[in-house]
Amino acid sequence: MSLAFEPVELPNGVVLKNRICKAAMEENLADIDHFLAPSHELIELYRAWGKGGSALVLTGHVMIDPRALGSPGALCLCDDLVDSDPAYLDRFRQMIDACKEGGAEIWLQINHPGRQTPKALGQVAKGPSAVAVDIGRLSRVMFDKPVEMTEEDIQVVIRRFARTAALAEELGAGGIEVHAAHGYLLSAFASPIANKRTDRWGGSLENRTRLLFEVVKAIKREVKSPKFGVGVKINSADFQRGGFEEQDALQVIKTLNTLGVDFIEVSGGSYESPAMRGINLSTRSAQREAYFLDFAEKAAALSTVPIMCTGGIVRRETLDQVVASGKTIAGIATAIGIMPDLPNRLERGEDPAPRLKYTTSWVLSGSVLASATTRQVNYSMERIGRGKEPCPGVWPAWALLMDQVAGLGQASKYKKVVVKYLDERDGRAVKRGKKEE
Ligand SMILES: Cc1cc2nc3c(=O)[nH]c(=O)nc-3n(C[C@H](O)[C@H](O)[C@H](O)COP(=O)(O)O)c2cc1C
């Protein structure tokens with residue numbers, strides 16, 4: 001019998017009603033006029049996901065620093081913005097409540113983009129070392145070479161992760177997930193390709209992963225309730241020669257087991273090698289519909305903390321394979337992005353296997369194709385937020401173009417509203433002789 005719809009208890013005592021998690025998907029639906037708080041469309045999208053049958057809904061990555069966004073429409077939850085506007089915290093609360101109303105747990109995925117900060121936002125990209133993202137010809141257009149973080153920068157990042165988690169708790173979220181995968185800051189620190197440091201934050205695996213562990217420890221200290229959940233998403237590998245490898249990931253999982261986390265989600269890749277979207281996978285991973293299931297099984301064998309396996313799950317049979325061991329839960333992104341009530345349908349015995357159309361293209365390839373198929377999902381998510389039907393048949397190139405156009409408008413508004421507010425606020429602080437963080 002399938003375990004997919006059997007409840008499972010997490011280490012913090014929270015019982016998930018089934019083993020399906022809506023994995024994190026950046027929605028690009030922040031309301032920039034309300035300082036990167038959720039828009040009404042986003043609140044409605046979470047209402048749909050909340051009642052769709054997923055036991056756990058992970059939000060798209062929420063930024064911890066308004067001067068370091070992963071995309072122009074990203075949410076940002078941080079102390080800097082709490083006084084910006086009375087609606088700011090309230091919108092986050094509404095989004096969380098809308099999701100909970102439907103019976104799902106909601107945890108906020110929190111993130112710092114590191115060197116993958118898009119150039120269009122005019123921010124100073126910071127990373128472990130001054131090693132630029134390499135996605136081929138478009139690299140220079142999309143990303144600046146990052147500035148190497150100082151010790152102070154690193155301490156600020158640790159503090160910011162902890163504060164965003166504390167705010168999420170105050171707002172009623174059940175937990176947070178630390179994003180340490182896909183080439184963003186924490187995963188870049190872990191990767192020998194992006195991290196060339198020679199201090200205590202670089203070199204050995206222990207040093208490269210120190211930042212992740214310090215972040216987790218700081219969050220555990222900062223949040224009030226021992227029941228507040230802490231998950232971590234890591235790469236099973238970077239899928240690049242000389243990068244973070246499977247053995248490294250298994251070691252990270254062993255250490256995370258000692259830090260009191262509630263689940264460890266496994267994925268893989270980065271902008272440079274988008275394995276998480278099914279591209280550049282090793283042959284063995286590509287053979288499985290759930291890309292990282294082999295790895296998840298190895299991880300589950302050495303972990304008492306539940307392992308979440310995310311990537312490629314669409315059909316009932318694959319879902320059943322993923323949860324079969326009883327130690328692994330299933331993370332589903334794309335399929336729930338285009339069909340929010342997929343878990344309910346599966347529970348009723350349907351097997352709709354929702355897929356995007358036209359995901360191969362002779363115009364687009366590699367990182368650009370991965371980005372375009374991601375934007376196809378965003379296209380449907382925005383429609384759902386506006387009360388319309390999803391549209392998995394949108395052309396990837398069209399979805400990408402629409403996203404780029406929207407992004408230009410969002411980036412310009414971000415500079416006019418958010419950066420202006422922060423500059424004025426920092427200016428006032430400097431005048432008072434107090435540099436605020
Ligand atoms: C629209 C979209 C946005 C995504 N944004 C995030 C994100 O914010 N954080 C994250 O960890 N992964 C993100 N991902 C990756 C997914 O969580 C997941 O790892 C990946 O899509 C593989 O799962 P799937 O095959 O079920 O889509 C995103 C994926 C999509 C499609």
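The protein chain contains 15 helices and 15 strands. Its radius of gyration is 20 Å, close to the 22 Å that the globule rule gives for 437 residues, so the chain is as compact as a globular protein of that length. These values, like those that follow, refer to a predicted model. Along the principal axes, the C-alpha trace spans about 65 × 50 × 50 Å.

Burial and contacts were then examined across the chain. Of the 437 residues, 60% count as buried. Among contacts between residues at least 6 apart in sequence, 70% join residues at least 24 apart. The chain exposes about 17400 Å², of which carbon and sulfur atoms supply 52%. With regard to charge, the chain carries 56 positive and 54 negative side chains, and the centres of these two sets lie 2 Å apart.

Two basic residues were considered in helix 15, which comprises residues 396–431. R425 lies in this helix and has a relative accessible area of 13%. Because this value falls under the 20% limit, R425 is classed as buried. A polar atom of the R425 side chain lies 3.5 Å from the backbone oxygen of D80. K413 is likewise placed in helix 15, but its relative accessibility is 35%. K413 therefore counts as partly exposed, a class that covers values between 20% and 50%. Although K413 and P72 are 341 residues apart along the chain, their C-alpha atoms are separated by 9.0 Å. When neighbours within four places in sequence are left aside, K413 is in contact with I32, D33 and V418.

Two residues other than glycine were found to have positive phi values. For L36, phi is about 70°. This residue lies in the loop between strand 4 (30–31) and strand 5 (37–38), and its relative accessibility of 0% places L36 in the buried class. For A353, phi is near 40°. A353 is located in the loop between helix 13 (342–347) and helix 14 (366–385). With a relative accessible area of 22%, A353 is partly exposed, because the buried class is confined to values under 20%.

A further loop position, D65, was examined for its surroundings. D65 lies between strand 7 (62–63) and helix 2 (87–101), in the loop that joins these elements. At 15% relative accessibility, D65 counts as buried. The side chain of D65 reaches the backbone nitrogen of R67 at 2.8 Å. Apart from neighbours within four places in sequence, the residues in contact with D65 are C76 and R160.

Taken together, the residues described include both helix and loop positions. In helix 15, R425 is buried, whereas K413 is partly exposed. In the loops, L36 and D65 are buried, whereas A353 is partly exposed. Polar contacts to the backbone involve the side chain of R425, with the oxygen of D80 as partner, and the side chain of D65, with the nitrogen of R67 as partner.

Technical notes: Residues are numbered from 1 along each chain as its sequence is written. This is a predicted model: local features need pLDDT of at least 70, side-chain atom pairs count only at pLDDT 80 or more; totals for chains, interfaces and linings use all residues. Side-chain values use heavy atoms; hydrogens and water are left out. Helices (H or I, at least four residues) and strands (E, at least two) are DSSP runs, numbered from the N terminus. The radius of gyration is taken over C-alpha atoms; the globule rule is 2.2 Å times the number of residues to the power 0.38. Buried means under 20% relative accessible area, exposed over 50%, partly exposed in between (1.4 Å probe, protein chains only). Contact means heavy atoms within 4.5 Å. Accessible areas come from the Shrake-Rupley method with a 1.4 Å probe; for residues, only the protein chains shown count as cover. Lys and Arg count as positive and Asp and Glu as negative; His and the chain ends are not counted. The place of a charge is taken as NZ of Lys, CZ of Arg, CG of Asp or CD of Glu. A polar contact is a pair of N or O atoms within 3.5 Å; within protein, one must be able to donate a hydrogen and the other to accept it, and residues adjacent in sequence count only if both atoms are side-chain atoms.
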